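Biologist: I am new to this structure and would like a close look at a single part of it. Could you take me through the largest pocket, and then through the helix packing and the backbone details that can be described alongside it?

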Amino acid sequence: MPKPIGIFDSGVGGTSIWKEVVKMLPKENTVYLADSANAPYGEKSKEEILGLSIKNTELLLDLGCKMIIVACNTATTNAIDYLRSHYSVPFIGIEPAIKPAALHTKTKKVGVLATKGTLSSSLFHNTSKLFAEGINVIEQEGKGLVELIEAGKIQSKEMKTLLNGFLQPMLDQNIDCLVLGCTHYPYLIPVLKDMLPENVNIIDSGEAVARQTQAVLDRYNLLSTADGKPNHIFYTNKDTEIIKQLIGRPSAKVSFLDF
């Protein structure tokens, strides 16, 4: 059986990346690791995030993965340099889509909704400096959003109240692009579309990550050429029902794994 692509996140949010990857690479096997017991990573120290990222990486390597997607903005910004320098497989990281937002904005005002761990990282600030010259980047920590998504409360009143408090200050500053800087947040797009004016574009990294995954697999001659149905396995150390609901594949193998 062809070796799988490994994907890990602080929880179920990275399944938004997984969906884009399997859409673009339908022949690839995947193993997804949801570290929901430790979500959110955005509230943890850099040392804690690095330790969890190493643990997740080594588990995926033990499961035979040929490459690893760090499907978590916070883990990418705090750990991917270390992972790339200490392990031999290719790594794909996730970072807020500042560049496309800077290219699309007409008001020169871009909102970024992300975790504390992402917004405080040097990678985020370097990316903003590189791609957003002359653009007013308005940062907003999405405190509490990951926990509600992990609990399956995407359409809840509590969620809408939180989002309204985060969005209004950015709208007051005339943003016309909202960058989703956490892989959990694409699951909020239906709610966000109901709350945002039509002129505000919602931008996430999913499709770009899938394209980069394809390019790196091709570069290292790792693309699967196998025929037949691919194998997708999901591991979580918390509730298996939430991840089943989000991936929308009743036949997918979802297992509890205490890691």
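Modeller: What follows starts with the pocket, moves on to two helix pairs and ends with two points in the backbone. Please keep in mind throughout that this is a predicted model.

The largest pocket has a volume of about 500 Å³, and 23 residues line it, with G93, E95, S205, A208 and V209 lying nearest its centre. The elements that each give two or more residues to this lining are α3 (73-86), β4 (91-92), α4 (98-104), α6 (122-131) and α10 (206-219). Of these, α10 provides the largest share, which amounts to four residues. Sorted by class, the lining of the largest pocket consists of 14 nonpolar residues, five polar ones and four charged ones.

One of the lining elements, α3, also packs against another helix, α2, which covers residues 46-62. Two packed helices are described by the angle between their axes and the distance between the axes. For α2 and α3 the angle is about 65° and the axes are 9 Å apart. Because angles of 65 to 115 degrees count as roughly perpendicular, α2 is roughly perpendicular to α3. The crossing in which α2 passes α3 is right-handed. On the α2 side the residues that meet α3 are K46, I49, L50, S53, I54 and T57, and their partners in α3 are T74, A75, N78, A79, Y82 and L83. By class, this contact of α2 with α3 contains seven nonpolar, four polar and one charged residues.

A second pair is formed by α1 (residues 15-24) and α11 (residues 240-247), which pack at an angle of about 40° with their axes 10 Å apart. These two helices, α1 and α11, are therefore oblique to each other, and their crossing is right-handed. Here T15, W18 and K19 of α1 make the contact with I243, L246 and I247 of α11. The residues of this contact between α1 and α11 divide into four nonpolar, one polar and one charged.

Turning to the backbone, most residues other than glycine have a negative phi, and most peptide bonds are trans. Against that background, the peptide bond from A39 to P40 is cis, with omega near -5°, and P40 is found in the loop between β2 (30-34) and α2. K108, a residue other than glycine, has a positive phi, near 65°, and K108 lies in the loop between α4 and β5 (109-114).

Note on methods:
Residues numbered from 1 in each chain as written. Predicted model: local features only at pLDDT ≥ 70, side-chain atom pairs only at ≥ 80, totals over all residues. Heavy atoms only, no water. 1 Å grid on protein atoms, 1.4 Å probe; cavity = no way out; pocket = protein on both sides within 12 Å on 5 of 7 lines; lining within 4 Å. Points joined across faces, edges and corners; volume = space filled by probe spheres on them. Nonpolar A, V, L, I, M, F, W, Y, C, P; charged D, E, K, R; others polar. Axes fitted to C-alpha atoms, helices over the stretch in contact; angles between N-to-C directions. Parallel < 35°, antiparallel > 145°, perpendicular 65-115°, else oblique. Left-handed = near helix turned anticlockwise from the far one by under 90°. Contact = heavy atoms within 4.5 Å.
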